[in-house]
Each structure stands twice: as C-alpha cells, then as structure tokens.
Amino acid sequence: MKTITNILLVALAFTFTACDQQPAQIHVREGIGSDTLGSNIVTRPVAHAFSALIGERIEIDEAILAKNDTGFLELNINGHNRSYNTKRFRYKIEWLDANGLMIQTKTSTWLPQSAMGKSSFSIKAVAPRVEAVQFRMDTKKWE
Amino acid sequence: MRTKIIITLAGLLLAGCAQETVNIDVVNDEGKAVMELDYRDFAQAASEMIQSMISSGTLKKSGGGRYVMTTGRVTNDTMQRIDTDQLMAKIEEELMNSGQVVMTSAVGGKGAPDEMIYEMRDIRDSATGDEFKQETLAGKKTLIAPELSIAGKILQRNIRYDRNTQQVEYYFQLMITDLTTGLRFWQKESIIGKRGDDRSVAW
C-alpha cells in the first residue's frame, strides 16, 4: 500500500513538473492551462492557504534606470505578485537631482497599479526634468 | 429651569454630532474615493498625460530650442461643473518646467490667457499711451505665434452596473497638433472609472 502511494505521489509530481515547462514570457492562467499544484481542484485550497499563511504578496525584481533619446531619465520597474489574489496598490515616484534633493513635480503623485495573482507587472515612469539622476518610490494600499 | 437644562443638553448633543472640519492632507490623502472627479483624479490624469508627452519625444525640437505652445479648447463634456484648467494648469506647468516648451499667453482656446497683452496695446494706440515712455511699450509685430496646440476633452459615461450600483467612467483625452501643418503629433486617453452606490450623484 505504501509503495502504491509513493508511486502515485512521484507520478503526480512528474505530471506537475511537466506542466510547468512553458516559456517564461507566457503566463497561462489558472482555469485555462493545465493544472498545477496551485490550481488543481484538490490541492488548490491548501496552496492558497499556505500562500496566505506565509504572507506572499508583491515583490520587486529590478529597477532599470536609463536616459532616453530626449535626455530624460526613464525608470522601468519589474515585479511580480507572489500571492494567488489580485493585488492593487498605489505608488509614488519622486525624482532626485545630483545633490540628492527632491525635484518638485506634478508627476510625483499616487498612481494606481494592479497585479493579478501569480503574475508579473511593470511600472514605467519618466522624470519630467533633465536634472533627475535618481529616484525613490513609495507604495501604499489602494484605498 | 428644566427647560433650560433640556435646551443646553440638546445643544451639546447637536454640537457633538456636527461633522468637524479638517484640512485635507493633499500629499497623502487617506480619504475615501468619491463618485465625482476630485483633485486626486486630476492629479493622476495630469501625471499620466505629462509622462506620456515627455517620453514620446514629440516635444523635442529638431535643431534645439523650445516649442511655443498654446492651450486650445479643452471641453468639459461631463455632467459636472469643471474648470478644465484644473487639468491643464498642471500640464502647462510641467511642460514649461521640462524645458521643452514655452507657453504663450497671447492666444488660447478660451481667448488670451492674459488679457493685459492686448490692453497694453490698446493703451499704446490710445491717447493714454502718451503717458508712457514709448520705448517701454510693446511694438507692433512683437508677439510670437504658437507652433503647437494642446486640446481635448473630458467626458463622462454613467452606466447602471446592477440594481444598486452605478459605474461612472471618465475619459481624459488630449492631443497635440502642429499649427503650421495641422498634423497631430501626440494623443492620449486616460480613463478613471468609479463604481458606487446608485444613490451617489456624479454631477
């Protein structure tokens, strides 16, 4: 009996591993693609509860800064939502000059952002002054 | 005596119920969203528009220098009484601060933003003009015509979402046109949607 259970578990693991082999650029959502441990009707409640228990939420992977053709600093932030639920939040980007002083601009306001469960997202921003050389970003809950 | 006590107690009770007036923290406003357009919505729309304009490269003048721009007609097609300058003042300010654009106060969609330009010329051409040093008065053919115009509209759609909920959609649409050729260089639409109690009136 124990052997049969072990074989079933290994087979199940192989099945889920095989399903996960898709290009990283393409995200096939729950209910559309083949089942994974997180989307399977049996294991889903456990996976979702575990995700909530360990507090999986938004994570930022990288922030890329580059000057565009017109000489303005462009920021591209890539992140992903680790949780199974859509996360909505607001962010504010402030631009700093070479002396680290904040540049007053109307674009530095709280803007909405939304990331679906287990999905990646990007935030793009442009400094409206050529003096900007650095940035800082803050986030808050969507009211 | 008893009447006085009752009146005093009633007064205190009413005073306790009155909503206290507080200043809004406009930098980090934690207040609830409202069905009408409020200053946060204008700030969001303006920020999106400015960033789009700047990142598009439309305002980079070939050969250097700054474009002369005017604000054309920005129509309020919502059910609310809105002064479209709430949106445009922010955009104009940032475009000028970006160093790519200089706005003209001589012409605009609502007439000249600064009537003094023409009032001073009227004075120059009148008898009162003799009271001024002639070299300090603006000469003829000194105004610079705008090269670009920014125009657009704000519109609203009210939709019944379900029995108790209404959905209000606000569309901010702006475009930049080259006044010499009539060609449109840039255009953007920014949408703000709200869903709330059907009894909330969005006008």
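This is a tour of a two-chain structure, one selection at a time. The model is predicted.

**Stop 1: chain A**

Select chain A. Two helices and seven strands make up its secondary structure. Going from the N terminus, the order is α-α-β-β-β-β-β-β-β. Of the 143 residues in chain A, 13% are buried. Now consider contacts in chain A with a separation of 6 or more. Of these, 62% join residues 24 or more positions apart.

**Stop 2: a sheet in chain A**

Stay in chain A and colour β1, β2 and β6. These three strands form an open, antiparallel sheet in the order β1-β2-β6. Which strands are at the edges? They are β1 (58-67) and β6 (120-126) of chain A, and each pairs on one side only. From one strand to the next, the twist averages 15°.

Next, select residues 73-81 of chain A, which are strand β2. Seven bridges link β2(A) to β6(A), in the antiparallel sense. For one point along this pairing, show A:E74. Opposite A:E74 stands A:V126, in β6(A).

**Stop 3: the sheet of chain B**

Move to chain B and colour strands β1 to β5. The five strands form an open sheet with mixed pairing, in the order β2-β1-β3-β4-β5. Why is one side of β2 and of β5 in chain B left without a neighbour in the sheet? Both β2(B) and β5(B), residues 184-197, stand at the edges with a single partner strand each, so one side of each stays unpaired in the sheet. The twist here averages 25° from one strand to the next.

Zoom in on β1(B) and β3(B). Their pairing is parallel and runs over seven bridges. Show B:N76; its bridge partner in β3(B) is B:I154. Then add α3(B), which packs on the sheet and touches β1, β2, β3 and β4 of chain B. The direction of α3(B) makes about 135° with that of β2(B).

Add α2(B) as well. This helix lies across β4 and β5 of chain B, running at about 155° to β5(B).

**Stop 4: the largest nonpolar core**

Show B:A45, B:A46, B:M49, B:L87 and B:I91 as sticks. Within the largest nonpolar core, which has 35 residues, these five touch the most other members. Where do the core residues come from? Chain A elements supplying at least two residues each are β3 (87-96) and β6. In chain B, the elements that do so are α2 (39-56), β1 (67-77), α3 (85-97), β2 (101-103), β3 (148-160) and β4 (165-178). The most comes from α2(B), with eight residues. In soluble globular proteins, nonpolar side chains tend to be buried together.

Centre on B:L87. Leaving aside neighbours within four places in sequence, B:L87 is in contact with B:F42, B:A45, B:A46, B:I154 and B:F172. You met B:I154 earlier, as the bridge partner of B:N76.

**Stop 5: where the chains meet**

Display both chains again. How many residues does each chain bring to the contact? Chain B brings 19 and chain A brings 16. On the chain B side, α2 and α3 each supply at least two residues. The largest share of that side is eight residues, from α2(B). By type, the chain B side holds five nonpolar, eight polar and six charged residues.

**Stop 6: B:M116**

Finish at helix α4 of chain B, residues 116-125, where B:M116 is found. Is B:M116 buried or exposed? This residue counts as exposed because there are 10 C-beta neighbours inside 10 Å, and the cut-off for exposed is 12 or fewer. Now pick B:G65, which is 51 residues from B:M116 in sequence. From C-alpha to C-alpha, B:M116 and B:G65 are 27 Å apart.

Terms used. Residues numbered from 1 in each chain as written. Chains lettered and ligands numbered in written order. Predicted model: local features only at pLDDT ≥ 70, side-chain atom pairs only at ≥ 80, totals over all residues. Helix = DSSP H or I, 4+ residues; strand = E, 2+ residues; numbered from the N terminus. Buried ≥ 20, exposed ≤ 12 C-beta atoms within 10 Å, placed from the backbone. Pairing = 2+ DSSP bridges. Axes fitted to C-alpha atoms, helices over the stretch in contact; angles between N-to-C directions. Core = buried A, V, L, I, M, F, W, Y, C linked by C-beta atoms within 7 Å. Contact = placed C-beta atoms within 7 Å. Nonpolar A, V, L, I, M, F, W, Y, C, P; charged D, E, K, R; others polar.
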